[in-house]
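Dear colleague,

Please find below the structure that I am handing over to you. My account of what was found in it follows directly after.

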Amino acid sequence: GTSTVYILTTGVEFTGWSIDVSVNATVTGSFPLIGRNQTEDVVPPAGSTFTETTTRPYTSVDSKVVESGTVQGGVTSIAYANDNNTSPQYELGSKAVSFVERGTANNTITASMFMFDTELLNKFLNETTVDIAVILNHPDGGAMSFSTPRTVLTEVTPELGAGSVTQSVSG
């Protein structure tokens with residue numbers, strides 16, 4: 001037969017995060033982590049309650065992108081990522097992680113949007129820093145926001161083709 005096994009991870013440290021917002025889609029994200037130790041048990045940890053959630057997810061319909069205080073129109077997708085360049089370190093004689101080593105944190109933003117003017121392109125060419133925020137309004141009330149002040153744009157690429165002109169933006 002089968003039995004339920006609970007895996008208890010202790011000494012957990014988040015190593016980064018990512019969030020993706022696209023047109024007509026549920027907002028997705030991840031929070032990678034490193035745990036220092038794991039144990040298994042057939043009973044849940046003391047005080048635990050596991051209930052199904054009835055919370056509705058965030059969607060792109062309820063989202064907006066703000067650049068330096070101005071709501072940006074025409075954004076079709078935006079992704080944030082944070083990577084802290086972490087790695088678990090071990091020592092002889094132990095199965096557990098001794099410590100989590102951290103490197104230089106890297107934050108990146110990538111976006112696709114319709115190109116209505118050359119404002120972002122000019123900010124890229126003039127190396128002007130920008131403040132970028134994604135605000136996710138929840139359909140049941142409340143909000144969640146991700147922001148990166150003083151972002152240096154590393155790429156603004158107009159994409160010409162049949163139909164609308166779009167641009168890829170990275171920072």
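A salt bridge is taken here to be a side-chain nitrogen of Lys or Arg within 4 Å of a carboxyl oxygen of Asp or Glu. By this rule the count comes to five salt bridges. Please bear in mind that the model is a predicted one.

Salt bridges

I begin with R102, which forms a salt bridge with E13, the closest N and O atoms being 2.9 Å apart. R102 belongs to strand β11 (residues 99-102) and E13 to strand β2 (residues 13-14), so this pair ties together parts that are 89 residues apart in sequence. R102 has a relative accessible area of 41%, and is therefore partly exposed. The pair does not stand alone, since E13, R36 and R102 are linked in a network of salt bridges.

A further salt bridge joins E67 and K123, with 2.8 Å between the closest N and O atoms. Here E67 lies in strand β7 and K123 in helix α1 (residues 119-125), so the pair ties together parts that are 56 residues apart in sequence. Are these two residues buried or exposed? E67 has a relative accessibility of 4% and therefore counts as buried. K123, at 16% relative accessibility, counts as buried too; the cut-off for this term is a relative accessible area under 20%.

K123 also meets the side chain of E119 in a salt bridge, at 3.4 Å from N to O. Both K123 and E119 lie in helix α1, where they are four residues apart, about one turn of the helix. E119 is partly exposed, with a relative accessible area of 40%.

The four-stranded sheet

Strand β7, which holds E67, is also part of an open sheet of four strands. The order of the strands is β8-β7-β13-β14, and their pairing is antiparallel. β8 (70-72) and β14 (143-151) stand at the edges with a single partner strand each, so one side of each is left without a neighbour in the sheet. On average, neighbouring strands of this sheet are turned by 25° against each other, direction ignored.

Within the sheet, strand β7 (residues 63-67) pairs with β8 in the antiparallel sense over three bridges. V66 stands opposite V71 in β8. V71 is also touched by K64, as are A133, V134 and I135, if residues up to four places away in sequence are not counted. K64 is found in strand β7 and is partly exposed, with a relative accessible area of 37%. The C-alpha atoms of K64 and V21 are 9.6 Å apart in space, while the two residues are 43 residues apart in sequence.

Strands β9, β12 and β16

A second set of pairings concerns strand β12 (residues 106-114). Strand β9 (residues 75-83) pairs with β12 in the antiparallel sense over eight bridges, and five bridges join β12 to β16, which run antiparallel. A111 may serve as a point of reference here. In β12, A111 is the bridge partner of I78, and in β16 the bridge partner of A111 is V169.

Strand β16 (residues 166-170) also holds S170. With which residues is S170 in contact, leaving aside its neighbours within four places in sequence? The contacts are I109, T110, V152, L153, T154 and E155. S170 has a relative accessibility of 13%, and therefore counts as buried.

A nonpolar surface patch

Finally, I turn to the surface. V5, I7, V42 and V43 form a nonpolar patch there, and together they have about 350 Å² of accessible area. V5 is placed in the segment before β1 (6-10). At 43% relative accessibility, V5 counts as partly exposed.

For orientation in the model, two places may be convenient to start from. One is K123, which forms salt bridges with E67 and with E119. The other is A111, with its bridge partners I78 and V169.

With kind regards

Methods
Residues are numbered from 1 along each chain as its sequence is written. This is a predicted model: local features need pLDDT of at least 70, side-chain atom pairs count only at pLDDT 80 or more; totals for chains, interfaces and linings use all residues. Side-chain values use heavy atoms; hydrogens and water are left out. Two strands pair if DSSP finds at least two bridges between them. Helices (H or I, at least four residues) and strands (E, at least two) are DSSP runs, numbered from the N terminus. Axes are lines fitted to C-alpha atoms, for helices over the stretch in contact, and angles run from 0 to 180 degrees between N-to-C directions. Patches are made of residues with over 30% relative accessible area and no salt bridge: like charges are joined within 9 Å, nonpolar side chains (Val, Leu, Ile, Met, Phe, Trp, Tyr) within 5 Å. Accessible areas come from the Shrake-Rupley method with a 1.4 Å probe; for residues, only the protein chains shown count as cover. Buried means under 20% relative accessible area, exposed over 50%, partly exposed in between (1.4 Å probe, protein chains only). Contact means heavy atoms within 4.5 Å.
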